[in-house]
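Visitor: Could you take me on a close look at one part of this model? I'd like to stay with the helices of one chain, and then follow them to wherever they lead.

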Amino acid sequence: MSILKQLEEESIYIIREVAGQFDNPCLLFSGGKDSITLLHLARKAFAPASIPFPLVHIDTGHNFPETIELRDKLVAEHGLRLIVGSVQEDIDAGNVLEEKGRHASRNSLQTTTLLNTIEQHKFDACMGGARRDEEKARAKERVFSVRDDFGQWNEKLQRPELFDMLNGMIHNGENVRVFPISNWTELDVWHYIRQEKLEIPSIYYAHEREVFLRDNQWMPVSDYVQVTDQDERRVASVRFRTVGDMSCTAAVLSKATLLDNIIEEIGGSDFSERGSRMDDKRSEAAMEERKKVGYF
Amino acid sequence: MELIKIATAGSVDDGKSTLIGRLLYETGALKTDQIQHIEEKSTARGFGYLDLSLATDGLLTEREQGITIDVSHIFFSTPKRRFIIADSPGHVEYTRNMVTGSSTAKASIILLDARKGVIEQTKRHFFITQLLNIKHIIFAINKMDLVDYSEAIFDEIKATLNDLVSKHGAEGVTYYFNPVSALLNENIVSKSEKLDWFQGEPLLQLIESIPIQNNKIKDAAFQVQYVIRPKREDLHDYRGFAGNVRSGRFSIGDAISIHPSGRRSHIKRIEKYGEHVNVLESGENGTLLLADEVDASRGDSILREDAEMEQGKSINATFCWMQDNPMSVGDKYWLQQGVQRSLVKVKNIDAKMDLEALEDKPTDTLNLNDIGKAGLALAQSIVSKPYVKNPALGTFIMIDPNTYNTAGVGFIESL
């Protein structure tokens, strides 16, 4: 069995366990390549029936429009149920406070909206496209990661996971975050996208865009970030390696307009995938701290 | 390319994180920004070298204390193979993590500090690899730089390990002994001049060449995970049993029986993600459609008629206990074997392993990190085989009915 086949088998087994063990699961869908891969795996897992759970998108309001377009297209094409949790609504309702200053991002505000959405819809399991190779706190994640009533991750109280047996038994109010593509690498996801001919948002491919240089990263110019006179602005051929929201995702200079070029480029890249995520750069343990308060 | 999962174990300060950091660094898995980060941190701490352990210790508390607490999954690859390292911490109190990390590994690297030689932790790690029936065990004797790359010291440690192996080693296991210095990159990726007396392969070449054996178990058993019933006019009568082949293989036309109902039928069609296939191999997912309208639900087993399985409502097993609340006679738990669950009651606890002396001692409870033998009575009968004959069916987890935590793992000895 090829590695890609092996990974696909493992992920689909996990997704079916979610449907089998939980009453009210959902799939967290950001519109990025990982959640598109996850959605495709879920469609395969239940074919010829449709997916027995909804997609949940936590909308920061600062999305790349290309991501939202594709999200809506996929939902319509496959007759999926989509639930949107809006960070803007939480800001308007005073549940969270918008960050200020030139480094402001809505990334950490997502957590509150995510937890509210989980509570409102009484989800007992939320699948996400996080991978262990992305970040070292994620390397410690279980496939079934139990969160308490407050959505918190307690790394010292993780359930041991033995062989392929997944324990999703929980108390009322608790929920489980599930990571079916834990063992995939960034390149596996790209190879799979090529193999399965999956459509991904156009911003993953090289395109001309106005960007500015900040902390050695090319940030996209948008209404959601403050660009000052000191920032060097220019139009360049760029693509995005990960897709978060526009305020925290940096672009990489690239001419890769085809999947083959992207795969070649990532294979030879000297920088890690999340190296372009400003949300991870805030502190040494930025990811771990966010996970502890309920980030996925 | 092949994928191999390798477990690593060692005591505190044996340099395991450094070894893994070294493998990552030398195989190019660490990217420029990550190396820069490690350089900055190393300098900030006043080290005159790259503290490669910073590459793997993922949690704040780990970096604060300079130790590894939880199982970490680390990826790297060479042109020959792709590796997943399940890095388990070495503390006594974290034995459960080692069992967890090793449970899907094809090989295990046990690290020793050349200055300390074989300690209790080494025996514990060794015993766990035996319990899990891991076929390739590499003893990496690290920190050789601190004993002047002494062949005599290496030989002495090797002799002690060989003694351990001859007394307690399982059959069919291959053992390897490698002197290394992870910190100084000696005998990791290439032959070391300082260890010129060592004849074997450097560590990386060794793990690239270890043969990966797949089990060739004939008994065909399938567990139902989910019943697919599309709510569509054209597929009104569709009832697909989606699940996983635990062992053996299934073909169209096979005569099968369903456990526990005992109902019989034939496989009419096999689908894989909506497409027709003729055969499903061991470990594969698939959807079985049966010739008759027989009922099966999640957790039920579909067995090929010729499968030689054992079934029953009582089992004897070796346990590794993983939670603070001990296991005592009369306690009830959920048992989960694959995807099937049954309530169970502890009938008897016979012994626990004294990991210092490596011998059984009588006991009436199993505490956190204990490894011992006990008997269970089951509410529903299960289909199984002893772990050594069928690893996919011969193991189960115990779930605490109050906390729902995974309380322990069992390896079936007899039904």
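Guide: What follows is a walk along some helices of chain A, then across to chain B and a few backbone oddities. Keep in mind that this is a predicted model.

A bit of context for chain A to begin with. Its secondary structure comes to eight helices and ten strands. Of the 296 residues in the chain, 53% are buried. Look at contacts between residues at least 6 apart in sequence, and 76% of them join residues at least 24 apart.

Let's stop at α3(A), which runs over residues 65-78. With 14 residues, α3(A) reaches 20 Å from its first C-alpha to its last, close to the 20 Å expected at 1.5 Å a residue. Which of its residues are buried? Thr67(A), Arg71(A) and Leu74(A) are. They sit on the same side of α3(A), because they cover an arc of only 70° around the axis. Turn to the face pointing away from that buried side and you'll find Pro65(A), Lys73(A), Ala76(A) and Glu77(A), which are exposed. As for what the buried residues of α3(A) pack against, the partners are α2 (33-46) and β2 (55-59) of chain A. Right after the helix comes Gly79(A), with a positive phi near 60°.

β2 turns up again when you move on to α5(A), residues 110-121. This helix has twelve residues and spans 16 Å between its first and last C-alpha, close to the 16 Å expected at 1.5 Å a residue. Its buried residues are Gln110(A), Thr113(A), Leu114(A), Leu115(A), Thr117(A) and Ile118(A). Besides β2, they pack against β3 (82-86), α4 (87-92), β4 (125-127) and β6 (175-178) of chain A. What follows α5(A)? Here it's Lys122(A), again with a positive phi, near 55°.

Further along the chain there's a helix pair to look at. α6(A) (residues 186-195) and α7(A) (residues 259-267) pack at an angle of about 165°, with their axes 10 Å apart. That makes the two roughly antiparallel, and their crossing is left-handed. On the α6(A) side, the contact involves Glu186(A), Leu187(A), Trp190(A), His191(A), Ile193(A) and Arg194(A). They meet Leu259(A), Ile262(A), Ile263(A), Ile266(A) and Gly267(A) of α7(A).

Chain B has a helix pair worth setting beside that one. Helices α4(B) (residues 95-102) and α5(B) (residues 120-131) pack at about 35°, with their axes 10 Å apart, and their crossing is right-handed. α4(B) puts in Thr95(B), Met98(B), Val99(B) and Ser102(B), while Arg124(B), His125(B), Ile128(B) and Thr129(B) come from α5(B).

Now for where the chains meet. The contact takes 41 residues from chain A and 49 residues from chain B. On the chain A side, α1 (3-21) and α2 each supply at least two residues, and α1(A) gives the most, with nine. So what does the contact look like up close from chain B? Take Tyr273(B), in the loop between β11 (264-272) and β12 (275-277) of chain B. Leaving aside residues up to four places away in sequence, Tyr273(B) touches Lys44(A) and Ala47(A). Is Tyr273(B) buried or exposed? It counts as partly exposed, because 18 other C-beta atoms lie within 10 Å, and being buried takes 20 or more.

Ala47(A) deserves a second glance: a cis peptide bond joins it to Pro48(A), with omega about 5°. Pro48(A) lies in the loop between α2 and β2 of chain A. Chain B has a cis peptide bond too, from His259(B) to Pro260(B), with omega near 10°. You'll find Pro260(B) in the loop between β10 (255-259) and β11 of chain B.

One last stop: two asparagines with positive phi. Asn216(A) has a phi near 65° and sits in the loop between β7 (207-214) and β8 (217-220) of chain A. Asn187(B) has a phi of about 65° and lies in the loop between β6 (174-179) and α7 (203-209) of chain B. Their surroundings are another matter. Asn216(A) counts as exposed because it has 8 C-beta neighbours inside 10 Å, whereas Asn187(B) is buried, with 29 other C-beta atoms within 10 Å.

Conventions: Residues are numbered from 1 along each chain as its sequence is written. Chains are lettered from A and ligands numbered from 1 in the order in which they are written. This is a predicted model: local features need pLDDT of at least 70, side-chain atom pairs count only at pLDDT 80 or more; totals for chains, interfaces and linings use all residues. Helices (H or I, at least four residues) and strands (E, at least two) are DSSP runs, numbered from the N terminus. The expected span of a helix is 1.5 Å times one less than its number of residues. A residue is buried if 20 or more other C-beta atoms lie within 10 Å of its own, exposed if 12 or fewer, and partly exposed in between; C-beta atoms are placed from the backbone. The arc is that of the directions from the helix axis to the C-beta atoms. Two residues are in contact if their C-beta atoms, placed from the backbone, lie within 7 Å. Axes are lines fitted to C-alpha atoms, for helices over the stretch in contact, and angles run from 0 to 180 degrees between N-to-C directions. Angles under 35 degrees count as roughly parallel, over 145 as roughly antiparallel, 65 to 115 as roughly perpendicular and the rest as oblique. A crossing is left-handed if the near helix is turned anticlockwise from the far one by less than a right angle, and right-handed if clockwise.
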